[in-house]
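Visitor: I am new to this structure and would like a close look at a single part. Please take one charged pair as the starting point and work outward from there.

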Amino acid sequence: MTDLETDVAVIGAGSAGLRAYRAAAAHTNRVLLIEGGRYGTTCASVGCMPSKLLIAAADSAHTAQEAGDLGVYADSVKINGAKVMERLRNLRDRFVSGVVSNTEKIPAERRIHGYARFEDAQTLKLDDGRRIRAERIVIATGSRPNVLPMFEGLGDRVVVNDDLFEWSDLPESVAVFGPGVIGMELGQALHRLGVRVRIFGVGGFLGPLTDPSVKEAAEGIFAEELDLDTDAQVDSLSREGDQVLVRFKDKNGDSVEERFEYLLAATGRRPNIDKLGLETTGLSLNKDGVPDFDRYTMQCGDKPIFIAGDANNEHPVMPDAFDEGEIAGNNAGRYPKVEPGRRHPPMSIVFTEPQMALVGMRYADLPDTDYAVGEFSFSAHPRAMVMRANRGLMRFYGRPSDGAFLGAEVLGPRAEHLGHLLAWAVDSGMSVEQMLDLPYYHPVLETSIRNALSDLQQKMQH
């Protein structure tokens, strides 16, 4: 028995799902948006916006504390953790309410609250028992924090970023497991707000960096400020009262015991696809259970099923969720006419200090031949020195055979802005020579781009 029929069903009302719904609705008015949880995107509620609010407070405290080198002295810097978290929650709720308001502008008859599961490639069953027959389906179910089995037994002393943003005050201490984007951003921010922090990693990974030279520079810079071990040997985790006891080997190989009020599990995210019943669709699934899909059409195999955003686990950042949702929605709306959509170059930004930015082709993506690497250190950059921010390294990648600019990995001040300029260059297909021919004002941080490009051009010529 089928209770509802529609041309397109979009599962998930996050960034990708909302974009997919609106794109599909431009082709047909028979579109349903299905959401089992609360409205409000990951970015607004537990991701990019609340984390930036915490970082803003941390940066203000750090600037005041370090201003003495500029001849400016703050007699004392008092951090009111309750006020920090109150402002975070208030503005976070404001951002979320804006998303919710826009979502609720979608006609009520087109919005369904419930969790959906595939019965076959064109039939969904809701948790209230209703069935939906959809000619085409878009999967945009997002992702959730990945909590490892090693944290079992620690109870409410283990938190993920979702939990952290609900704190009413700052704790005394936090052990951060995972020096990825979330772990580094939140770990440094908490440290600068007076929380005792230690960051544990595995395998030497740091943020999204893949270039060994940039990663080495980053590890050295962050280790000057933070207790950071990107390849830690943790012997055991246990709960003692309201604390987590971590037994580990320090960098000298000595055994250490340290207690923390909380353990922040920042060990990645996993796509919300494991409860969708994808095994009933006839789709080919990879080892993580994600359907094989075309990244330019977002179509899964040859079925009328499309996947977008964090659910496909390819590049889980909001700009990609927007692109993928648009492509998936358009193709679902006009199916069987499926067309490749426009994909922008990959871009990742980490809001630590110094910031990290990866644009276009990463070091790990470079071919075996026909590439060159140029670099520039911020250590003697005039504007960076004026700002007391002359720490970091940028490495640019180019193709000597045609002079193309391929991508970059950047560690440095205001890398969020430098990264955008580089992304626009990659997106426009600019050559290194064309980029060097652009105007650069003095003194600005953007002259670092010219310096790195000059070095890259010389390497390409040789």
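Guide: Arg-19 and Glu-326 form a salt bridge, with their closest N and O atoms 3.6 Å apart. The model is a predicted one. Arg-19 lies in helix H1 (residues 15-25) and Glu-326 in helix H8, so the pair ties together parts that are 307 residues apart in sequence. Arg-19 counts as partly exposed, at 30% relative accessibility. Glu-326 is also partly exposed, with a relative accessible area of 31%.

Helix H8 spans residues 318-334 and also holds Asp-323. Asp-323 is buried yet has no salt bridge. The nearest side chain of opposite charge belongs to Arg-343, and it is 4.7 Å away from Asp-323. A salt bridge requires a nitrogen of Lys or Arg within 4 Å of a carboxyl oxygen, so a distance of 4.7 Å does not qualify. Asp-323 is nevertheless in contact with Arg-343, and with Arg-342 and His-344, when its neighbours within four places in sequence are left aside. Arg-343 does take part in salt bridges: Arg-295, Glu-314, Asp-320, Glu-324 and Arg-343 are linked in a network of them.

By the rule used here, the count of salt bridges comes to 38. Side chains of opposite charge can pair when their charged atoms come close. Another of these pairs is Arg-92 with Glu-166, whose side chains meet at 3.1 Å, N to O. This pair links distant parts of the chain, with Arg-92 in helix H4 and Glu-166 in the loop between helix H5 (161-164) and strand E9 (173-177), 74 residues apart. Arg-92 counts as buried, at 6% relative accessibility, whereas Glu-166 is partly exposed, with a relative accessible area of 47%.

The loop between H5 and E9 also holds Glu-172, which is 24 residues apart from its partner Arg-196 in strand E10. Arg-196 and Glu-172 form a salt bridge in which the closest N and O atoms are 3.2 Å apart. Arg-196 is partly exposed, at 31% relative accessibility, and Glu-172 is partly exposed too, with a relative accessible area of 42%.

Strand E10 leads on to the aromatic side chains. A search of the whole structure finds eight aromatic pairs. One of them joins Phe-200 and Phe-248 edge-to-face, at 5.1 Å centre to centre and with 80° between the planes. Phe-200 lies in strand E10 (residues 196-200) and Phe-248 in strand E13 (residues 243-249), so this pair ties together parts that are 48 residues apart in sequence. Phe-200 counts as buried, at 4% relative accessibility, and Phe-248 counts as buried, at 4% as well. Phe-376 and Phe-378 form an aromatic pair that is edge-to-face, at 5.9 Å centre to centre and with 75° between the planes. Both Phe-376 and Phe-378 are buried. Phe-200 and Phe-248 also belong, with Phe-151 and Phe-177, to one aromatic cluster.

The next element is a sheet. Five strands form an open sheet with antiparallel pairing, in the order E18-E19-E22-E21-E20. Strand E18 (347-350) and strand E20 (372-377) stand at the edges with a single partner strand each, so one side of each has no neighbour in the sheet. On average, neighbouring strands of this sheet are turned by 10° against each other, direction ignored. E18 pairs with strand E19 (residues 355-360) in the antiparallel sense over four bridges, and the bridge partner of Ile-349 in E19 is Ala-357.

Two helices can be placed against these strands. Helix H7 (residues 212-225) lies across E19, strand E21 (393-399) and strand E22 (404-412), and runs at about 15° to E22. Helix H10 (residues 415-427) packs on the sheet and touches E18, E19, E21 and E22, while its direction makes about 5° with that of E19.

A last residue is Asp-75, found in the loop between helix H3 (48-66) and helix H4 (81-103). Asp-75 is exposed, with a relative accessible area of 83%. The C-alpha atoms of Asp-75 and His-420 are separated by 38 Å, and the two residues are 345 residues apart along the chain.

Technical notes: Residues are numbered from 1 along each chain as its sequence is written. This is a predicted model: local features need pLDDT of at least 70, side-chain atom pairs count only at pLDDT 80 or more; totals for chains, interfaces and linings use all residues. Side-chain values use heavy atoms; hydrogens and water are left out. Two strands pair if DSSP finds at least two bridges between them. Axes are lines fitted to C-alpha atoms, for helices over the stretch in contact, and angles run from 0 to 180 degrees between N-to-C directions. Contact means heavy atoms within 4.5 Å. Buried means under 20% relative accessible area, exposed over 50%, partly exposed in between (1.4 Å probe, protein chains only). Lys and Arg count as positive and Asp and Glu as negative; His and the chain ends are not counted. Rings of Phe, Tyr and Trp (its six-membered ring) pair if their centres lie within 6.5 Å; planes under 30 degrees apart count as stacked, over 60 as edge-to-face and the rest as tilted.
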